[in-house]
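Let's walk through this structure together, beginning with its cysteines and then stepping back to the chain as a whole. Have the viewer at hand as you read.

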Amino acid sequence: MHMRCGSDREEMTTGMSTITSEQALALAPDTSSAQAGKKLAAGKHWKNLGRAATALWGECQGSALYQVRVDLIGMAVKCSCPSRKLPCKHGLGLILLSISDSGALPEAEPPEWVASWLVKRSAPKEAAPKASAISPEKAAANAAKTAAKREKGVSDGLDTLDLWLTDLVRNGIGALEGQPTSVWEAQAARMTDAKAPGVAGRLRRIAGIPGASDDWPAKLLGELGRLSLLIQAYRRLDTLDERLREDVRQLVGWTVTQDELAARGEHVSDRWTVLGQWVDSQERGLEQRTWLQGTHSGRLALVLQFSFANQPFPESFIPGSSFDAELHFYPGAYPVRARVAERAGEPVATHERLPGCESVEAFLSARAEAVSRQPWLDRLACILRDVTPVCATVDSWWARDASGAGLPLDGSDHWRLLALSGGQPVDLIGEWDGEALLPLGMIAEGIFTPLWGVN
């Protein structure tokens with residue numbers, strides 16, 4: 001029997017689905033929004049509440065009467081308040097109210113301001129009008145000319161970077177510990193100018209390695225080696241397997257459009273469980289990584305979303321929920337990144353145990369096989385079954401299996417994980433970056449608890 005901390009865990013029941021308040025709060029953009037949303041999860045703040053098969057709605061009294069609506073299929077929220085946070089506190093409050101008191105939202109036909117929004121969301125987006133009409137032959141010729149120009153720019157830029165890396169290693173990397181990050185930023189800027197943004201991003205990540213740990217020289221050499229391997233692979237694109245060629249081009253910075261993805265990517269329809277998500281700051285905004293696992297296919301999928309200038313992420317995902325959808329996987333030697341092409345039905349809470357690795361050794365073997373197919377695989381979702389969180393020191397935490405083998409946990413504050421587990425084995429979900437496991441969620445006694453988000 002697991003010892004568990006007490007919590008006011010409540011569930012939203014809509015049809016056959018149940019979403020806990022804890023899972024819903026993982027949608028909050030920050031702690032203050034979550035706390036404010038909790039305060040609004042009471043009927044006294046609301047008027048004209050209602051629900052239908054695919055939506056929730058209500059009017060919340062604040063400094064004005066705000067119209068709030070929730071699309072249950074895509075978990076999208078729209079509110080008439082001026083807040084730039086999405087979901088705002090009113091949207092969170094409405095979702096939490098539907099969980100704590102579903103009777104407060106009677107079944108009804110959506111009012112016009114809700115119905116029109118739902119219709120607009122479901123309507124296919126029209127292609128932007130072309131600036132001028134030109135013949136298909138001329139358009140193809142222009143595209144080929146542009147591509148050839150970019151190919152040359154990328155190749156020249158990578159040649160210059162290769163010379164710089166060679167000089168860097170020849171002169172010794174010890175002096176890099178005291179060098180400013182501008183040394184790396186200058187090279188990253190040159191790669192951006194050469195139309196190789198993927199390489200530029202990799203250089204900016206490498207810039208944080210010197211001096212960051214006791215073993216930074218070994219880590220730096222490893223990353224420089226992978227970068228050099230990418231340069232050599234790009235020079236030999238014609239000799240690579242077609243799938244690995246796709247990886248190399250995307251890693252350098254060539255994009256795959258949605259039309260290309262639909263035509264060339266693998267299509268997989270399944271019930272997808274949201275394993276967890278994480279948000280990182282990028283140069284000009286935020287990057288959200290959401291990991292999914294197919295119930296029938298067993299496939300892992302990584303959905304990458306970006307936000308700039310405080311704009312919301314295009315789609316919302318509730319950790320620990322499942323939804324039916326078709327995913328399009330980006331072509332590659334070990335395809336993991338995917339795009340949700342079409343959802344069907346609202347998300348439902350996951351209560352079943354997820355398939356995963358029974359030991360640390362099994363996961364590391366699976367990861368080694370993946371890296372053998374795609375050497376630049378930076379991150380991979382990990383589901384470890386029956387592992388125990390262990391605090392070795394204040395700043396050293398591990399997930400240990402029955403054999404005593406363990407993986408180090410990223411970060412230093414995992415007391416919540418320990419408290420929820422009661423010191424007993426749990427199923428742990430995380431993101432492995434080759435050095436440490438970033439906990440994203442856990443399952444104990446059939447209950448999924450997100451370990452990232454606001455609670």
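Cys88 is buried in this predicted model, with a relative accessible area of 2%. Its closest cysteine sulfur belongs to Cys79 and lies 3.8 Å away, too far for a bond; a disulfide would need the two sulfur atoms within 2.5 Å. Cys357 is in no disulfide either, as the nearest cysteine sulfur, in Cys382, sits 6.1 Å from its own. Cys357 also counts as buried because its relative accessible area of 18% falls under the 20% cut-off. If you search the whole structure for disulfides, you will find zero.

Now zoom out to the fold. The chain contains 12 helices and 17 strands. Its C-alpha trace spans about 70 × 65 × 40 Å along the principal axes. For 455 residues, a compact globule would have a radius of gyration near 23 Å, and the chain's value of 24 Å agrees with that.

How much of the chain is buried? Buried residues account for 44% of the 455. Contacts tell you how the sequence comes together in space: among those with a separation of 6 or more, 62% join residues 24 or more positions apart.

Finally, turn to the surface and the charges. The chain exposes about 22600 Å², and 53% of that area comes from carbon and sulfur atoms. There are 49 positive and 56 negative charges in the chain, and the mean positions of these two sets are 6 Å apart.

Definitions and conventions:
Residues numbered from 1 in each chain as written. Predicted model: local features only at pLDDT ≥ 70, side-chain atom pairs only at ≥ 80, totals over all residues. Heavy atoms only, no water. Helix = DSSP H or I, 4+ residues; strand = E, 2+ residues; numbered from the N terminus. Rg over C-alpha atoms; globule rule 2.2 N^0.38 Å. Buried < 20%, exposed > 50% of the residue type's maximum accessible area, 1.4 Å probe, protein only. Contact = heavy atoms within 4.5 Å. Areas by Shrake-Rupley, 256 points an atom, 1.4 Å probe, with all protein chains shown as cover. Lys, Arg positive; Asp, Glu negative; His and termini not counted. Charge placed at Lys NZ, Arg CZ, Asp CG, Glu CD.
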